[in-house]
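These are my notebook entries on the fold of one protein chain. I set out to look up its strand pairing, its sheets, the helices packed on them and its pockets.

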Amino acid sequence: MELDLASIRRRLRLRDLDVLSAVLAAGSMHKAAHALHLSQSAVSKSIAELEDLVGHRLLDRGRQGVQATELGRALARGAGRVGIDLDQTLRELTHLADPEAGDVRIGAMETLLAGLVGEAVRRHHAVHPRTRFMLESGQASELIEHFLRAGLVDFVVARPFDLPLPPDMEGHPLFHERLQVVAATGHPLTRRRHLQLAHLTDELWILSRNELMDHSPVVRAFADRGLPLPRRLVESASLNLRLNLLQDRRHITCIPHSLMPFGGAPAWLKRLPLSFPPWQTPAMVITLRGRELLPAARHFLTALRELSASLDTRPDPGGSAPA
């Protein structure tokens with residue numbers, strides 16, 4: 001049956017699309033009703049009216065809950081895009097009504113939030129105190145695939161794990177991050193002269209999964225020296241966990257060099273006289289292709305780029321490693 005698109009557009013209600021999305025996210029009418037603070041009969045009625053409007057079944061009901069039909073999935077995807085566009089428009093109206101009161105939604109890796117991004121927020125607030133910031137922390141893949149694509153953030157500041165980026169996204173490089181080896185003041189290595197990478201193979205390391213993969217500067221540096229990777233290891237990307245463990249003066253770890261200049265590292269942290277080559281992939285601002293940023297976000301990005309200009313360390317084509 002051919003759909004009467006003009007009639008559907010006139011009669012379609014945003015509330016019904018919200019209900020459909022909530023049902024699919026919850027997996028049942030009952031759970032969606034609870035999330036939306038509606039009765040289950042109101043949710044069922046909304047779905048029935050949507051199905052009557054398009055003339056097709058949108059949901060399959062079964063013992064395992066509800067699942068979208070192919071048409072239901074298509075309508076839910078479109079509803080998501082409509083919601084993102086509407087939210088963007090409403091935020092733009094807020095900015096036009098009061099240019100100093102816009103909001104900026106950022107997704108960033110934890111170390112960038114603690115350093116560069118956090119400092120940029122502080123400086124921006126000094127000039128634009130009514131700007132509201134909403135910050136999400138996570139791994140690059142999670143921030144890109146979930147938060148950015150779902151419209152939960154305006155842009156992501158991260159070092160992507162893989163390039164090229166998905167075709168619906170574009171990246172704007174900021175700087176190349178260099179890993180620095182650190183320990184707490186009082187660790188025996190902080191008093192050792194002529195420190196070399198070979199002295200660190202039996203130390204208690206804290207490294208992330210990314211730092212242990214083949215493309216990592218850590219892996220390349222040990223391999224270039226013919227050294228095995230450290231076997232005494234805590235594997236974690238959590239900055240808070242690293243700082244906590246370092247205080248026992250037994251562990252060592254790597255932190256990005258961008259963390260040091262902006263107060264993201266505590267005063268008791270001591271940089272060892274070793275550093276790894278920069279990551280080949282730069283830290284970058286990642287946006288959805290074709291989605292225009294609001295003025296508040298654009299102003300913030302201008303300040304972020306200026307602040308990051310002093311951090312860049314281009315990769316050495318020769319792949320230099322610490323001694």
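Entry 1, the hairpin. I looked up how β1 (residues 59–62) and β2 (residues 65–68) pair, and found the antiparallel sense, over 4 bridges. The model is a predicted one. Between β1 and β2 I found a hairpin connection of 2 residues. As one point of register, I noted that Leu59 lies opposite Ala68 of β2.

Entry 2, overall dimensions. I counted 10 helices and 12 strands in the protein chain. I then compared its radius of gyration with the globule rule: the chain has 25 Å, whereas a compact globule of 323 residues would have a value near 20 Å. Along the principal axes, the C-alpha atoms fill a box of roughly 80 × 50 × 35 Å.

Entry 3, the sheet containing β3. I traced an open sheet of 5 strands with mixed pairing, and I recorded its order as β4-β3-β5-β12-β6. Which strands stand at the edges? They are β4 (132–137) and β6 (169–175); each has a single partner strand, so one side of each has no neighbour in the sheet. Neighbouring strands here are turned against each other by 25° on average, with direction ignored. I followed the pairing of β3 (residues 103–108) with β4 and found that they run parallel, joined by 6 bridges. Within this pairing, Ile106 has Leu135 of β4 as its bridge partner. I next looked up the helix on this sheet: α7 (residues 140–148) packs there and touches β3, β4, β5 (155–158), β6 and β12 (283–288). The direction of α7 makes about 180° with that of β5.

Entry 4, the sheet containing β7. I traced a further open sheet, of 5 strands in the order β9-β8-β10-β7-β11, again with mixed pairing. At its edges I found β9 (233–235) and β11 (269–278); because each has a single partner strand, one side of each is left without a neighbour in the sheet. The average turn between neighbouring strands of this sheet is 25°, direction ignored. I noted that β8 (residues 204–207) and β9 run parallel and are joined by 3 bridges. Ile206 stands opposite Val234 in β9. I recorded helix α9 (residues 239–246) as packing on the sheet, in touch with β7, β8, β9, β10 and β11, and its direction makes about 145° with that of β10. Helix α8 (residues 217–224) lies across β7 (178–184), β8, β10 (251–256) and β11, and I read its angle to β11 as about 80°.

Entry 5, the largest pocket. I looked up its volume and found about 340 Å³ of space. Which residues lie closest to its centre? Of the 21 residues that line this pocket, they are Met109, Thr111, Glu211, Ala237 and Pro256. I then asked which elements give two or more residues to the lining, and recorded α6 (110–127), α9 and β10. By class, I noted 10 nonpolar, 6 polar and 5 charged residues in the lining. I also noted from the earlier entry that α9 touches β10, and both elements contribute to this lining.

Key: Residues numbered from 1 in each chain as written. Predicted model: local features only at pLDDT ≥ 70, side-chain atom pairs only at ≥ 80, totals over all residues. Heavy atoms only, no water. Pairing = 2+ DSSP bridges. Axes fitted to C-alpha atoms, helices over the stretch in contact; angles between N-to-C directions. Contact = heavy atoms within 4.5 Å. 1 Å grid on protein atoms, 1.4 Å probe; cavity = no way out; pocket = protein on both sides within 12 Å on 5 of 7 lines; lining within 4 Å. Points joined across faces, edges and corners; volume = space filled by probe spheres on them. Nonpolar A, V, L, I, M, F, W, Y, C, P; charged D, E, K, R; others polar. Rg over C-alpha atoms; globule rule 2.2 N^0.38 Å.
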